[in-house]
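I opened the notebook to record what I could look up about this chain, beginning with one residue and then working outward to the whole.

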Amino acid sequence: MDLSRRSFLAASATTLAGSAVAAAATTTAPIPAPTARPTSPARTWNPKKAVKIGMVAGKGSLTEKFQILRDCGFDGVEIP
């Protein structure tokens with residue numbers, strides 16, 4: 001019997017597809033209901049926000065610039 005690669009792949013695909021259809025047709029198990037995802041615990045990690053001092057506009061003193069950044073809600077300042 002002369003079996004080429006193409007005929008072997010075609011026969012294999014047909015057999016696999018047929019067995020999958022037969023298995024699906026005979027299975028009568030109910031589909032499980034989706035389960036609720038567990039709730040995640042409250043987040044405890046709080047990232048800090050910081051800027052470089054050169055990003056603050058104005059010609060005020062460093063104290064004034066620090067006050068501006070504090071009022072804007074930044075947690076840190078990087079000074080080069």
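I looked first at the surroundings of K65 and, once its neighbours within four places in sequence were set aside, I found it in contact with I53, V56, G58 and G60. I keep in mind throughout that this is a predicted model.

I then placed K65 in the secondary structure, and it lies in helix α2, which runs over residues 62-72. Is K65 buried or exposed? I read a relative accessible area of 15% for K65, and because buried means under 20%, I entered K65 as buried.

Since K65 carries a side chain that counts as positive, I went on to search for a partner of opposite charge. I noted that K65 has no salt bridge although it is buried, and that the nearest side chain of opposite charge, that of E64, is 8.5 Å away. A salt bridge would need a side-chain nitrogen of Lys or Arg within 4 Å of a carboxyl oxygen of Asp or Glu.

I also took the distance from K65 to G54, which lies eleven residues away along the chain, and found 9.8 Å between their C-alpha atoms. G54 came up again when I turned to P80: these two residues are 26 apart along the chain, and their C-alpha atoms are separated by 8.8 Å.

For P80 itself, I located the residue in the segment after β2, the strand of residues 76-78. I recorded P80 as exposed, with a relative accessible area of 93%.

Next I stepped back to the whole chain, where I counted two helices and two strands, following the pattern α-β-α-β when read along the sequence. The radius of gyration is 34 Å, whereas the globule rule gives 12 Å for 80 residues, so I describe the chain as more spread out than a compact globule. I added the spans of the C-alpha trace along its principal axes, which are about 95 × 40 × 15 Å.

What percentage of the 80 residues in the chain is buried? I found that buried residues make up 6% of them, and K65 is buried. For the accessible surface of the chain I wrote down about 7700 Å², with 62% of this belonging to carbon and sulfur atoms.

Last, I checked the charges of the chain, 10 positive and 5 negative, and noted that their mean positions are 4 Å apart.

Methods:
Residues are numbered from 1 along each chain as its sequence is written. This is a predicted model: local features need pLDDT of at least 70, side-chain atom pairs count only at pLDDT 80 or more; totals for chains, interfaces and linings use all residues. Side-chain values use heavy atoms; hydrogens and water are left out. Helices (H or I, at least four residues) and strands (E, at least two) are DSSP runs, numbered from the N terminus. The radius of gyration is taken over C-alpha atoms; the globule rule is 2.2 Å times the number of residues to the power 0.38. Buried means under 20% relative accessible area, exposed over 50%, partly exposed in between (1.4 Å probe, protein chains only). Accessible areas come from the Shrake-Rupley method with a 1.4 Å probe; for residues, only the protein chains shown count as cover. The place of a charge is taken as NZ of Lys, CZ of Arg, CG of Asp or CD of Glu. Contact means heavy atoms within 4.5 Å.
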